[in-house]
Amino acid sequence: CDIERRLARQLQKEVQSANSSDFTEDQKKTLGKCATCLEMRSASLQCTQSSEDFKLEDLKKLEPIIKNILTYNKGFPFDVQPVPLRKILAPGEEENLELEDEEEEGVTAGVGSPESFPSGVPGTLLPRLPSEPGMTLLTIKIEKIGLKDAGQCIDPYITVSVKDLNGVDLNPVQDTPVATRKEDTYIHFSMDVEIQKHLEELSKGAAIFFEFKHYKPKKKFTSTKCFAFMEMDEIKPGPIVIELYKKPTDFKRKKLHLLTKKPLYLHLQQTLHKD
């Protein structure tokens, strides 16, 4: 089902990044409808009783359409609407939208910082660094996050970054793939993130940030819902549960507002590797 979802997302990206002259409006609509069918197939595979049952033989009917998109002129074989295009935001644009969101919700915004590493698309986890004598590497397994509306979050993933006290990146930013499953008030990830620097090389006031992101269909962009962070003195082997804070992400840790009074947290497991 992940393959179908990824293909759907790739189709959307192709349509969005193409020059307006590459595809006609009708061709863009057709590709959007193909993306809808792929999403429906993904939903069918995830749930045996899905109301949007989309069979493999149905999926095969899309192949000639996609292959011949520039010359295809027949009617679309399924009665579906195109997937709304997801907005690709310029650097800094999402932060402005987030601030508008905060004003609507009456929340005082914290202070963010520009990223010095480009942030990736969901699924940009990096491999563990080679071990060095006397140096320590950290693996953080993101187990799950507790949210009161966990079941309503679309395509949730977590962006992991390491910042100094001024909010400057000390590592490349990494995005997890989309979460594996939702259960009650939890979204489960069970994914390992390899911190891309030896602990001995991180500055004293550094912190590891976890930004929970999800897609908002009405606004057509991916939004940061909340964030959590772990400071250097919290790095030790074993499980750790950390509090969730309201967006926008305050990398300088100056104006922090808890997301909720309910006992909902980010659950992590830490492993230290020392050669």
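Two strands count as paired here if DSSP finds at least two bridges between them. That rule matters straight away for β2 and β3 in this predicted model, since strand β2 (residues 154–163) and β3 pair in the antiparallel sense over two bridges. Within this pairing, V160 has Q174 of β3 as its bridge partner.

Stepping back to the whole chain, there are five helices and 10 strands to keep track of. The chain runs to 275 residues, and 45% of them count as buried. As for contacts between residues at least 6 apart in sequence, 72% join residues at least 24 apart. The accessible surface adds up to about 15,100 Å², with 52% of that belonging to carbon and sulfur atoms.

Back to the strands. In general, strands of a sheet pair through backbone hydrogen bonds, and the pairing can be parallel or antiparallel. The β2–β3 pair belongs to an open sheet of five strands, ordered β3-β2-β6-β7-β9, with antiparallel pairing. The edges of this sheet are taken by β3 (174–175) and β9 (245–246); each has a single partner strand, so one side of each is left without a neighbour in the sheet.

What lines the second largest cavity? A search of the whole structure turns up two cavities of 30 Å³ or more, and the second largest has a volume of about 30 Å³. Its lining is made up of I145, I158, F210, E211, F212, C226, F227, A228, L244 and L266. Two strands of the open sheet show up here, as β6 (207–216) and β7 (221–231) each supply at least two residues of the lining. Sorted by class, the lining of this cavity has nine nonpolar residues, no polar ones and one charged residue.

Other pairings involve β1, β4, β5, β8 and β10. Strand β1 (residues 136–146) runs antiparallel to strand β10 (residues 265–274), and nine bridges join the two. One handy landmark is I140, whose bridge partner in β10 is Q270. Strand β10 is also joined to strand β8 (residues 238–243), this time by six bridges and again in an antiparallel arrangement. There, P239 sits opposite Q269 of β10.

Strand β1 has β5 as a partner too: the two pair in the antiparallel sense over seven bridges. Here the bridge partner of I142 is M191 in β5. Strand β5 in turn is joined to β4 by three bridges, with the two strands running antiparallel. In that pair, E183 stands opposite Y186 of β5.

The β4 and β5 strands form a hairpin with two residues between them, which brings the backbone into the picture. What is the phi of D184, in the turn of this hairpin? Phi of D184 is near 55°, a positive value in a residue other than glycine. D184 is placed in the loop between β4 (181–183) and β5 (186–194). This residue is exposed, with a relative accessible area of 71%, because anything over 50% goes into that class.

A positive phi also turns up at S190, where the angle is near 50° and the residue is again not a glycine. S190 lies in strand β5 itself. Its relative accessible area is 43%, so S190 is partly exposed.

Two loop positions round off the picture. Which residues does a cis peptide bond join? K247 and P248 are the pair, and omega for the bond is about -5°. P248 is found in the loop between β9 and β10.

The other position is T24, in the loop between α1 (2–17) and α2 (25–46). With 42% relative accessibility, T24 counts as partly exposed. T24 is also 46 residues from L70 in sequence, while their C-alpha atoms are 8.7 Å apart in space.

Methods. Residues numbered from 1 in each chain as written. Predicted model: local features only at pLDDT ≥ 70, side-chain atom pairs only at ≥ 80, totals over all residues. Heavy atoms only, no water. Helix = DSSP H or I, 4+ residues; strand = E, 2+ residues; numbered from the N terminus. 1 Å grid on protein atoms, 1.4 Å probe; cavity = no way out; pocket = protein on both sides within 12 Å on 5 of 7 lines; lining within 4 Å. Points joined across faces, edges and corners; volume = space filled by probe spheres on them. Nonpolar A, V, L, I, M, F, W, Y, C, P; charged D, E, K, R; others polar. Buried < 20%, exposed > 50% of the residue type's maximum accessible area, 1.4 Å probe, protein only. Contact = heavy atoms within 4.5 Å. Areas by Shrake-Rupley, 256 points an atom, 1.4 Å probe, with all protein chains shown as cover.
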